[in-house]
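Subject: Structure for you to look over

Hi,

Here is the structure I promised to pass on. Please open it first, then read my notes below.

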Amino acid sequence: MPPPPSPPSPPPPSPQTFNNGINNDHFEPAVAVSSSKARQEKRRVKAKRALKTFAVVVGTNLALTMAIILLFGSGKRYNARPKPLWLPPLWLVHVVSLGLSFFMGLASWLVWAEGGFGAQSDALPLYIAATSLGIVWDPLVLVMGATWVGLAFCLVHLGTLVACKREFGKVNPLAGEIVGPCVVWVGFLAIMTFSLAIS
């Protein structure tokens with residue numbers, strides 16, 4: 001009597017089957033979805049942090065400029081003294097100053113976003129110096145009437161902004177371009193201060 005035939009061997013496991021026999025097809029989509037959600041959450045947190053930093057940097061610049069205008073920008077001495085007809089009204093000077101404070105805040109935020117305020121960069125010291133020099137014109141010229149001292153500070157401020165524009169541009173070309181109008185304005189402010197000094 002012939003021996004009974006041997007049972008057929010089971011098919012080899014597919015590449016998508018774990019060693020314990022559980023099919024991997026059910027798990028790959030879940031892992032992909034979980035990874036995608038993690039990436040989205042990471043991007044959301046990063047964007048939220050960047051937006052918060054933008055608000056802090058720009059808001060601080062604007063608040064500082066507004067405080068200086070309110071404290072020292074009455075313009076009594078400026079309006080009382082003789083001056084050339086081409087000089088702008090003081091309210092326009094203050095509006096432009098506020099606008100350029102926003103530009104400097106935006107430019108510094110772009111540099112920060114690129115990691116450009118590292119220890120090996122001169123961008124942060126130059127930015128702090130430019131911001132500090134930008135708040136002394138009102139007290140010196142409008143309150144104290146020290147136009148020659150104000151002119152000296154304007155020239156130092158102008159040189160600082162030129163260096164700041166160069167350093168910002170190395171990190172982010174757009175940030176360097178945004179500083180450009182600030183350079184032009186401080187140059188005009190220096191000419192304006194010189195006219196006040198000799199009038």
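Let me start at one aromatic residue. Leaving aside residues up to four places away in sequence, F188 touches W86 and P88. F188 sits in helix α7. Please keep in mind that this is a predicted model.

**Around F188**

How is the pair of W86 and F188 arranged, stacked or edge-to-face? The two rings are edge-to-face, with 6.1 Å from centre to centre and 70° between the planes. W86 lies in the loop between α2 (76-80) and α3, while F188 belongs to α7 (residues 173-198), so the pair ties together parts that are 102 residues apart in sequence.

Neither ring falls under the 20% cut-off for buried or over the 50% cut-off for exposed. W86 has a relative accessibility of 44%, so W86 counts as partly exposed. F188 is at 26%, and therefore also counts as partly exposed.

The pair has company. W86, W185 and F188 make up one aromatic cluster. F188 also has C154 at 9.5 Å, C-alpha to C-alpha, and these two residues are 34 apart in sequence.

**Other aromatic pairs**

How many aromatic pairs are there? The count comes to eight. One of them is W86 with F188.

A further pair is W148 with F194. This one is edge-to-face too, at 6.0 Å between centres and 80° between planes. W148 is in helix α6 (residues 147-171) and F194 in helix α7, so the pair links distant parts of the chain, 46 residues apart. F194 is at 37% relative accessibility and so counts as partly exposed.

**Overall make-up**

Now the whole chain. The protein has seven helices and zero strands. Along the sequence the pattern reads α-α-α-α-α-α-α. The protein has 199 residues, and 35% of them count as buried. Take the contacts between residues at least 6 apart in sequence: 75% of these join residues at least 24 apart.

**Helix α6 against helix α7**

The axes of α6 and α7 are 8 Å apart, and the packing angle is about 170°. Angles over 145 degrees count as roughly antiparallel, and therefore α6 is roughly antiparallel to α7. By class, their contact has 21 nonpolar, eight polar and two charged residues.

**Helix α3 against helix α7**

Here the axes are 9 Å apart, and α3 packs on α7 at about 150°. That angle makes α3 roughly antiparallel to α7. The crossing of α3 and α7 is left-handed.

Which residues make the contact? The α3 side consists of V93, V96, S97, L100, F103, M104, L106, A107, L110 and V111. The α7 side consists of L174, A175, I178, V179, P181, C182, W185, L189 and M192. By class, this contact has 18 nonpolar residues, one polar and no charged. W185 from this list is also in the aromatic cluster with W86 and F188.

**Helix α3 against helix α4**

Helix α3 (residues 90-113) also meets helix α4 (residues 123-133). Their axes come within 11 Å and cross at roughly 165°. That makes α3 roughly antiparallel to α4. The crossing of α3 and α4 is left-handed.

From α3, the residues in contact are M104, G105, S108 and V111. From α4, they are A123, Y127 and A130. They divide into five nonpolar, two polar and no charged. Two names recur: M104 and V111 of α3 take part in the contact with α4, and M104 and V111 are listed in the contact with α7 as well.

**One residue in α1**

Last, L70. This residue is in helix α1 (residues 28-72). Is L70 buried or exposed? L70 is exposed, because its relative accessible area is 67% and the cut-off for exposed is over 50%. L70 and D138 are 10.0 Å apart, C-alpha to C-alpha, with their positions 68 residues apart in sequence.

**Where to look**

Start with W86 and F188, the pair that ties together parts 102 residues apart in sequence. Then follow α7 to its contact with α3, and α3 to its contact with α4.

Best wishes

Notes. Residues are numbered from 1 along each chain as its sequence is written. This is a predicted model: local features need pLDDT of at least 70, side-chain atom pairs count only at pLDDT 80 or more; totals for chains, interfaces and linings use all residues. Side-chain values use heavy atoms; hydrogens and water are left out. Axes are lines fitted to C-alpha atoms, for helices over the stretch in contact, and angles run from 0 to 180 degrees between N-to-C directions. Helices (H or I, at least four residues) and strands (E, at least two) are DSSP runs, numbered from the N terminus. Angles under 35 degrees count as roughly parallel, over 145 as roughly antiparallel, 65 to 115 as roughly perpendicular and the rest as oblique. A crossing is left-handed if the near helix is turned anticlockwise from the far one by less than a right angle, and right-handed if clockwise. Contact means heavy atoms within 4.5 Å. Ala, Val, Leu, Ile, Met, Phe, Trp, Tyr, Cys and Pro count as nonpolar, Asp, Glu, Lys and Arg as charged, and the others, Gly among them, as polar. Rings of Phe, Tyr and Trp (its six-membered ring) pair if their centres lie within 6.5 Å; planes under 30 degrees apart count as stacked, over 60 as edge-to-face and the rest as tilted. Buried means under 20% relative accessible area, exposed over 50%, partly exposed in between (1.4 Å probe, protein chains only).
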